[in-house]
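Student: Could you take one residue in this model and look closely at where it sits? After that, I'd like to see how the rest is put together.

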Amino acid sequence: MSDPREMTIAQARDAMRAGELTSAELTESYIEAIDAADALNAYCAKTPDHARAQAKAADARIAAGDAPDLCGIPLGIKDLFCTEGVNSQAASSILDGFKPQYESTVTSQLWDRGAVMLGKLNMDEFAMGSSNETSTYGPAISPWRRGNDDAALTPGGSSGGSAAAVSGDLCMAATGTDTGGSIRQPAAFTGIVGIKPTYGRCSRWGIVAFASSLDQAGPMTKTVRDGAIMLEAMIGHDPKDSTSARIDVPNFEAALTGDIRGKRIGIPKEYRLDGMPEEIETLWNEGAAMLRDAGAELVDISLPHTKYALPAYYVIAPAEASSNLARYDGVKYGHRAKISANEGITEMYERTRAEGFGKEVQRRVMIGAYVLSAGFYDAYYRRAQRVRTLIKQDFEKVFADGIDQILTPATPSASFGIGEMADADPIQMYLNDVFTVTVNLAGLPGISVPTGLDKQGLPLGLQLIGQPWGEADMLNSAYALETAAGFDAKPLKWW
């Protein structure tokens, strides 16, 4: 392979252990590529000196025979993760210049295993968005194009910078976070793999919060095998996070046998939406056929409360965001608005938040404050939580009936153009999460696997939903799907 940046994590790991490649060489190739790819706007902070130092240390570990799987692997880190001494501002002006004096648990675990940080990746502000257009850094741009059309496309959101960087070979893999589909949707849009673990698998400590009962970190990689390798490094119990589960960490890579004979894969009828594009339905049917040919049994199932998922999500998530974002008031850190001598703290709060928060964040904070207010709490928030319980029970029932995983589309369409939804009703943008939010509401694991191209040559993905703590089994089914699909398309370099 002439370009080491086209390697997978597994290939680079084996090459470095065999002495065919050094982390320093691999890292330098990425640094050069990142500097030449500003048109994608995937990176919001570059850390070349930090990366070179980590690569040198990784090469020493490899030479000494102390080489975990991620040792020497260059990664990009979503701007939502706090990284010590490096700008970590969740793509928001209100955190302009914030450099944490601590490291998130997830990134600490990656560095402990010898991974290399190339820089911080662009995202929607506070992870609120489906197109990476709400970022204070400006939108990240997908490396993909529609046929001969030069229009800039979204890499999805909120982990848009992560998706663009992995798909465009600007890092070997990246961290993402998923509150309602923010790993799986951008992965599907850019032809990569995105994994959302069971809620509680990954520590949330040191990750800027959006909606605390929904947020979960996960890997974004080129292949399912790479996702398995990186996920194992990211998860584990963390006493600093009260929602972190004390569950053993399996060897996910070892689980990738590809043997899914006898597995029962559910096909939920409620996901066949009115107006679903024919290409999406065809892809779904083809994916089901691939799993059947691999030995799985396809079973029609019902998840009757699915139709209430989006409304429930867009009550619960803004409510939690309104509470979490109350801490950004201009007092302790971040942006502080200037006030005149005759103004007080109330004016400072108001102006700071008006100047620091973008329009989408303001919209969601206002919705959240409304549904939590006296007189509306029972009518909206409490009712949404009851619906969430019913959605969770739907999944519990089908899993209790012997279903191993559930196969659905990952997105209702392929990627769309930057600005194409700017004047649309915000609900049209929210519909991008229609296939993914149920997984977050129920706390389940999910994975997006690239399985085809639409008629304009853009990637399309399918989603597998697993049982709680069933990532290993889910990953193996995803591996079988990936193998059968044989997706190997890459964007043509234009940047």
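Tutor: Let's start with S167, which counts as buried because its relative accessibility is 5% (buried is under 20% relative accessible area, exposed over 50% and partly exposed in between, with a 1.4 Å probe and protein chains only). Keep in mind that this is a predicted model: local features need pLDDT of at least 70 and side-chain atom pairs pLDDT 80 or more, while totals for chains, interfaces and linings use all residues. Residues are numbered from 1 along each chain as its sequence is written, and side-chain values use heavy atoms, without hydrogens or water.

S167 belongs to helix α5, which covers residues 160-167 (helices are DSSP runs of H or I with at least four residues, strands are E runs of at least two, and both are numbered from the N terminus). Who are the neighbours that S167 touches, if residues up to four places away in sequence are left out? They are P143, W144, T190, I192, K490 and P491 (touching means heavy atoms within 4.5 Å).

Now step back to the sheet. Eleven strands make up an open sheet with mixed pairing, and the order to trace on your screen is β1-β3-β2-β4-β6-β5-β10-β11-β9-β7-β8 (two strands pair if DSSP finds at least two bridges between them). Its edges are β1, at 43-46, and β8, each of which pairs on one side only.

Toward one of those edges, β7 (residues 264-268) and β8 (residues 297-301) run parallel, joined by five bridges. If you want a spot to click on, I267 stands opposite D300 in β8.

Further along the order, β10 (residues 446-453) and β11 (residues 459-466) run antiparallel, with seven bridges between them. There, G446 has I465 of β11 as its bridge partner. Helices pack on this sheet too. One of them is α2 (residues 23-35), which touches β1, β2 (74-78) and β3 (116-121). Another is α7 (residues 224-234), which touches β2, β4 (173-178), β5 (193-196), β6 (216-221) and β10.

Charges come next. Side chains of opposite charge can pair when their charged atoms come close. Searching the whole structure turns up 30 salt bridges (a side-chain nitrogen of Lys or Arg within 4 Å of a carboxyl oxygen of Asp or Glu). One of them joins R201 to E471, with 3.0 Å between the closest N and O atoms. That is a link between distant parts of the chain: R201 is in the loop between β5 and β6, E471 is in helix α15 (residues 471-485), and 270 residues separate them. Are these two partners buried or exposed? R201 is buried at 5% relative accessible area, and E471 is buried at 0%.

Set that beside D259 and R261, whose salt bridge brings the closest N and O atoms to 2.8 Å. Here D259 is partly exposed at 34%, and R261 is exposed at 64%.

Helix α15 comes back in one more pair. D473 forms a salt bridge with K263, the closest N and O atoms being 3.0 Å apart. Since D473 is in α15 and K263 is in the loop between α7 and β7, the pair ties together parts 210 residues apart in sequence. D473 itself is partly exposed, at 25% relative accessible area. Finally, there is a network to look up: R13, D14, R17, D69, R225 and E253 are joined into one by salt bridges that share partners.

Key:
Axes are lines fitted to C-alpha atoms, for helices over the stretch in contact, and angles run from 0 to 180 degrees between N-to-C directions.
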